[in-house]
Amino acid sequence: QVQLVESGGGLVQPGGSLRLSCRASGIIFSIYTMGWYRQAPGKQRDLVADISSGDSTNYADSVKGRFTISRDNAKNTVYLQMNSLKPEDTAVYYCNAHREQRMRTYDYWGQGTQVTVSS
């Protein structure tokens, strides 16, 4: 049974920082691309950042220079360090594990963690 469990969300003032964590179980973590997505009320779920099994990273333009994604394969955990937070970063943040093999796609999602940026 695959489980992705996020933690670290909360309420923070503009300009503040948060670090999200996502611990995976039930998969061979090191071979998956791990990503963070977010969904604000009334909007679609969008990619924030992802990190490949080879540690290549990709960021949405809106978070470049402010957010950093990293992974610890020994702990089956992916992190999202969020600095200089803005009110428009407010959303539910979801962890994703993704892999493509032999024309099959594997996608797993966490339950989400709320991030609210407000004064």
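In strand 3, S21 is the bridge partner of S7, and this small pairing is a friendly place to start a walk through the structure. The model is a predicted one.

## The sheet around strand 8

Strand 1 and strand 3 (residues 18-25) run antiparallel and are joined by five bridges. They belong to an open sheet of four strands, in the order 1-3-8-7, with antiparallel pairing. Strand 1 (3-7) and strand 7 are the edge strands, each pairing on one side only. From one strand to the next, the twist averages 15 degrees.

Moving across the sheet, strand 3 pairs with strand 8 in the antiparallel sense over six bridges. To find this pairing by eye, look for R23, whose bridge partner in strand 8 is T77. Strand 7 and strand 8 also run antiparallel, joined by six bridges. Here I69 can serve as a guide, with L80 as its bridge partner in strand 8. As background, the strands of a sheet pair through backbone hydrogen bonds, either parallel or antiparallel.

How enclosed is strand 8 by the rest of the structure? It is largely enclosed, because five of its six residues are buried.

## The nonpolar core

Which residues have the most contacts inside the largest nonpolar core? They are M34, W36, V78, L80, M82 and Y93, in a core of 30 residues. The elements that give two or more residues to this core are strand 3, strand 4, strand 5 (46-51), strand 7, strand 8, strand 9 and strand 11 (113-117). L80, already met as the partner of I69, is thus a name to look for here as well. In soluble globular proteins, nonpolar side chains tend to be buried together.

Y93 is a good residue to zoom in on. Leaving out residues up to four places away in sequence, Y93 touches E6, L20, W36, Y37, R38, V48, F67, L80, M82, G112, T113 and V115. Among these contacts are W36, L80 and M82, which are also listed with the most contacts inside the core.

## Salt bridges and a shared partner

The model has three salt bridges. The table gives each pair with its N to O distance.

| Pair | N to O distance |
|---|---|
| R38 and D89 | 2.9 Å |
| D61 and K64 | 3.1 Å |
| R66 and D89 | 2.8 Å |

R66 and D89 link distant parts of the chain, 23 residues apart: R66 is in the loop between strand 6 (57-59) and strand 7 (67-72), and D89 is in the loop between strand 8 and strand 9. Through shared partners, salt bridges join R38, R66 and D89 into one network.

The side chains of R38 and D89 meet in their own salt bridge. This pair also links distant parts of the chain, with R38 in strand 4 (residues 33-39) and D89 in the loop between strand 8 (77-82) and strand 9 (91-101), 51 residues apart. Both R38 and D89 are buried.

Is R66 buried or exposed? R66 has a relative accessible area of 11%, so it counts as buried, below the 20% cut-off. Setting aside its neighbours within four places in sequence, R66 is in contact with Q81, M82, N83, S84, L85, K86 and D89. A polar atom of the R66 side chain also lies 2.9 Å from the backbone oxygen of S84.

The pair of D61 and K64 has another setting. D61 counts as exposed because its relative accessibility is 64%, while K64, at 49%, counts as partly exposed.

## Two loop residues with positive phi

S84, the contact of R66 just mentioned, lies in the loop between strand 8 and strand 9. Its phi is near 50 degrees, a positive value in a residue other than glycine. At 40% relative accessibility, S84 counts as partly exposed.

Where is N76? N76 is in the loop between strand 7 and strand 8. These two strands form a hairpin with four residues between them, and in it N76 takes a positive phi near 50 degrees. N76 is not a glycine, and its relative accessible area of 22% makes it partly exposed. For context, most residues other than glycine have a negative phi.

Technical notes: Residues are numbered from 1 along each chain as its sequence is written. This is a predicted model: local features need pLDDT of at least 70, side-chain atom pairs count only at pLDDT 80 or more; totals for chains, interfaces and linings use all residues. Side-chain values use heavy atoms; hydrogens and water are left out. A salt bridge is a side-chain nitrogen of Lys or Arg within 4 Å of a carboxyl oxygen of Asp or Glu. Buried means under 20% relative accessible area, exposed over 50%, partly exposed in between (1.4 Å probe, protein chains only). Two strands pair if DSSP finds at least two bridges between them. Axes are lines fitted to C-alpha atoms, for helices over the stretch in contact, and angles run from 0 to 180 degrees between N-to-C directions. A polar contact is a pair of N or O atoms within 3.5 Å; within protein, one must be able to donate a hydrogen and the other to accept it, and residues adjacent in sequence count only if both atoms are side-chain atoms. Contact means heavy atoms within 4.5 Å. A nonpolar core is a set of buried Ala, Val, Leu, Ile, Met, Phe, Trp, Tyr and Cys residues joined through side-chain atoms within 4.5 Å.
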